Every structure is written in structure tokens, then in C-alpha cells.
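Thanks for making the time this morning. I would like to walk through one model with you, taking the sheet and its helices before turning to a pocket.

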Amino acid sequence: MKKIEAIVRHHLLDEIKGALVTAGYHGMTITEVRGFGRQKGQTETYRGAEYVVEFIPKVKIEVVAKAADAQKVIDLIMAKARSGKIGDGKIFVTDLASVVRIRTGETGETAL
């Protein structure tokens, strides 16, 4: 099993969620996050005054999938999140040793 964490722009969340649900991936966790990468923040103007926003707001989408399905999930996210501009985000993939469904006690892929 794999855990796929995608950090993407806020306005793309609904498109990404829709693509994943349509493809049959219904379980996901969404978290509001802030950070920066190569863009190192940005300058904003508010009421005529400029200020630097060091941490850019993003959304983190977490999906757990069977190892065989991981690349499909990654491809779906990339297709909806890629603009070709700095700040598109990142996808992190990690191996999961175990998953347990609390309600039933099921483990492994059956718990997904």
C-alpha cells in the first residue's frame, strides 16, 4: 500500500477531488497547509501597502491506495494540478506497513 500526499493550489481541490472520486478513490484527507518552495513567498498589496507573504497557503490531499494503483492516483492529481508554473506543488509517496479500520478491525488492503 502507498500513501500519496499532494500539496497543491487551493482552487484546484474540487477538480482533483472530482477526478479521484470518478476514478473510484473515495477516501481522502484534506488539510489546509502553508509553506514555500522555490518561489520563497510572494509580495501582496493590501490597501495600498505592500507586504511579503513568506508562507503560501496550499491544500494537502492525502490518499491511501493499493501499490498497483498508486501511479494512477499520481497521474490523476498531476493532470489536474499541473499548470507548468512555479508553485504547482509536490507529490510525496510513501510505503505503508499497515492500515487498520477501527470500526471492524480489518487490516491491510481490505481496510481501504
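**Helices, sheet and a pocket**

Helix α2, residues 70–81, lies across β1, β5 and β6, and runs at about 5 degrees to β1. Please keep in mind throughout that this is a predicted model. Helix α1, which covers residues 13–22, lies across β1, β2 and β5, and its direction is at about 10 degrees to that of β5.

Now to the strands themselves. They form an open sheet of four strands, and reading across it the order is β2-β5-β1-β6, with antiparallel pairing. The edges are β2, at 29–35, and β6, at 90–95, each of which pairs on one side only, and from one strand to the next the twist averages 25 degrees. As a general reminder, the strands of a sheet pair through backbone hydrogen bonds, in either a parallel or an antiparallel way. Here, β1, residues 2–8, and β5 pair in the antiparallel sense over seven bridges, and if you would like one position to look at, the bridge partner of K3 in β5 is V64.

That residue brings me to the second largest pocket, where V64 is among the residues that lie nearest the centre, together with Y25, G27, A65 and L112. The pocket holds about 260 Å³ of space, and its lining is made up of 14 residues. Which element gives the largest share of that lining? It is strand β5, residues 56–65, which contributes four residues. By class, the lining of this second largest pocket has six nonpolar residues, along with four polar and four charged ones.

Terms used:
Residues numbered from 1 in each chain as written. Predicted model: local features only at pLDDT ≥ 70, side-chain atom pairs only at ≥ 80, totals over all residues. Heavy atoms only, no water. 1 Å grid on protein atoms, 1.4 Å probe; cavity = no way out; pocket = protein on both sides within 12 Å on 5 of 7 lines; lining within 4 Å. Points joined across faces, edges and corners; volume = space filled by probe spheres on them. Helix = DSSP H or I, 4+ residues; strand = E, 2+ residues; numbered from the N terminus. Nonpolar A, V, L, I, M, F, W, Y, C, P; charged D, E, K, R; others polar. Pairing = 2+ DSSP bridges. Axes fitted to C-alpha atoms, helices over the stretch in contact; angles between N-to-C directions. Contact = heavy atoms within 4.5 Å.
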